[in-house]
Amino acid sequence: MPRQVLTPLEQQLLLAQTKLRQEMPDVAGAPVEPAGWFGNLLMGAKDVGKGSRTAATTNMLTGKITYSPKHMQGMSQTAIEDILGHEYGHVRQGKELYKGQRLPQKLWTGLKSWMEPASEFQSEYEREAYALEADRARREGRVPMPQPNVAGPGFARMADIRLPSKKGRK
């Protein structure tokens, strides 16, 4: 049987996964796959709301990480490791969130957490994942990337309606 040749990006992802298995053995076995058409559509919808490019995303219910080959193409090895480390952080959060639950309970928990305001749910998990990235950078002697304001409008769910603050009203 002929040996499968990996693309340069697939080689980078494999190296990143190998390194992260040592750093995060409890979650680094999570599946990492290229996004299909639907995943790319969802990542594109997230991009519109944030005004940036989503390179990878995690389904916290299943623990599966999907990535956009288009957006990750040409990234440095360090950037790919940071992105996967961030996503593995979300896998860990999902394990904790759904710990000991059966599928119906998981679906209910997921629905409840999804319906919480972004400032109470999304920001908490994103802050933790970005802090994980920053900690990795410091351990490796790198300056951490600036952390985005995950409570800002760029990270709001598409259904959120942001009202002006009382300071802005007269």
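**Figure 1. Accessible surface and overall make-up of the protein chain in the predicted model.** The accessible surface of the protein chain amounts to about 11,100 Å², and carbon and sulfur atoms hold 59% of that area. Of the 170 residues in the chain, 36% are buried. The secondary structure consists of six helices and three strands, and, read from the N terminus, the elements follow the order α-β-α-β-β-α-α-α-α. Among contacts with a separation of 6 or more, 67% are made by residues that stand 24 or more positions apart.

**Figure 2. The largest nonpolar core.** This view shows a core of 20 residues, in which L13, I65, Y67, M72, L84 and Y88 have the most contacts inside the core. At least two core residues come from each of helix 1 (8–23), strand 3 (64–67) and helix 4 (77–97), and helix 4, with five residues, gives the most. As a general background to such views, nonpolar side chains in soluble globular proteins tend to be buried together.

**Figure 3. The surroundings of L84, one of the core residues with the most contacts.** When neighbours within four places in sequence are left aside, the residues in contact with L84 are L13, A16, Q17, L20, V32 and I65. Two of the residues in this list, L13 and I65, are themselves named, together with L84, among those with the most contacts inside the core.

**Figure 4. Pairing of strand 3 with strand 1 and with strand 2.** Strand 1 (residues 32–34) runs parallel to strand 3 and is joined to strand 3 by three bridges; within this pairing, the residue of strand 3 that stands opposite E33 is T66. Strand 2 (residues 56–59), by contrast, pairs with strand 3 in the antiparallel sense, over four bridges, and here A56 has Y67 as its bridge partner. Y67 therefore appears in two of these legends, as a partner in the sheet and as one of the core residues with the most contacts, and it may help to recall that in a regular strand the side chains alternate between the two faces of the sheet. Four residues lie between the strands in the hairpin of strand 2 and strand 3, where G63 takes a positive phi near 80°.

**Figure 5. A nonpolar patch on the surface.** W37, F38, L41 and L42 together make a nonpolar surface patch of about 510 Å². L41 is placed in helix 2 (residues 37–50), and this residue counts as exposed because its relative accessibility, 52%, is over the 50% cut-off.

**Figure 6. The salt bridge between E140 and K19 and the network that includes both.** The structure holds 12 salt bridges, and one of them pairs E140 with K19, whose closest N and O atoms are 2.9 Å apart. Because E140 lies in the segment after helix 6 (122–139) whereas K19 belongs to helix 1, this pair ties together parts that are 121 residues apart in sequence. Both partners are partly exposed, E140 with a relative accessible area of 31% and K19 with one of 30%. E140 also forms a salt bridge with R142, with the closest N and O atoms 3.0 Å apart, and R142, at 24% relative accessibility, counts as partly exposed. Through salt bridges that share partners, K19, E23, E81, D82, R136, R139, E140 and R142 are joined into one network.

**Figure 7. The salt bridge between R92 and D26.** In this pair the closest N and O atoms are 2.8 Å apart. R92 belongs to helix 4 and D26 to the loop between helix 1 and strand 1, so that the salt bridge links distant parts of the chain, 66 residues apart. R92 counts as partly exposed at 31% relative accessibility, and D26 likewise at 39%. In general, side chains of opposite charge can pair when their charged atoms come close.

**Figure 8. R21 and G85, two residues separated in sequence.** R21 is found in helix 1, and its relative accessible area of 41% makes this residue partly exposed. Although R21 and G85 are 64 residues apart in sequence, the distance between them in space, from C-alpha to C-alpha, is 9.8 Å.

Terms used
Residues numbered from 1 in each chain as written. Predicted model: local features only at pLDDT ≥ 70, side-chain atom pairs only at ≥ 80, totals over all residues. Heavy atoms only, no water. Core = buried A, V, L, I, M, F, W, Y, C linked by side-chain atoms within 4.5 Å. Buried < 20%, exposed > 50% of the residue type's maximum accessible area, 1.4 Å probe, protein only. Contact = heavy atoms within 4.5 Å. Patch = residues over 30% accessible without salt bridge, like charges linked within 9 Å, V, L, I, M, F, W, Y side chains within 5 Å. Areas by Shrake-Rupley, 256 points an atom, 1.4 Å probe, with all protein chains shown as cover. Salt bridge = Lys/Arg side-chain N within 4 Å of Asp/Glu carboxyl O. Pairing = 2+ DSSP bridges.
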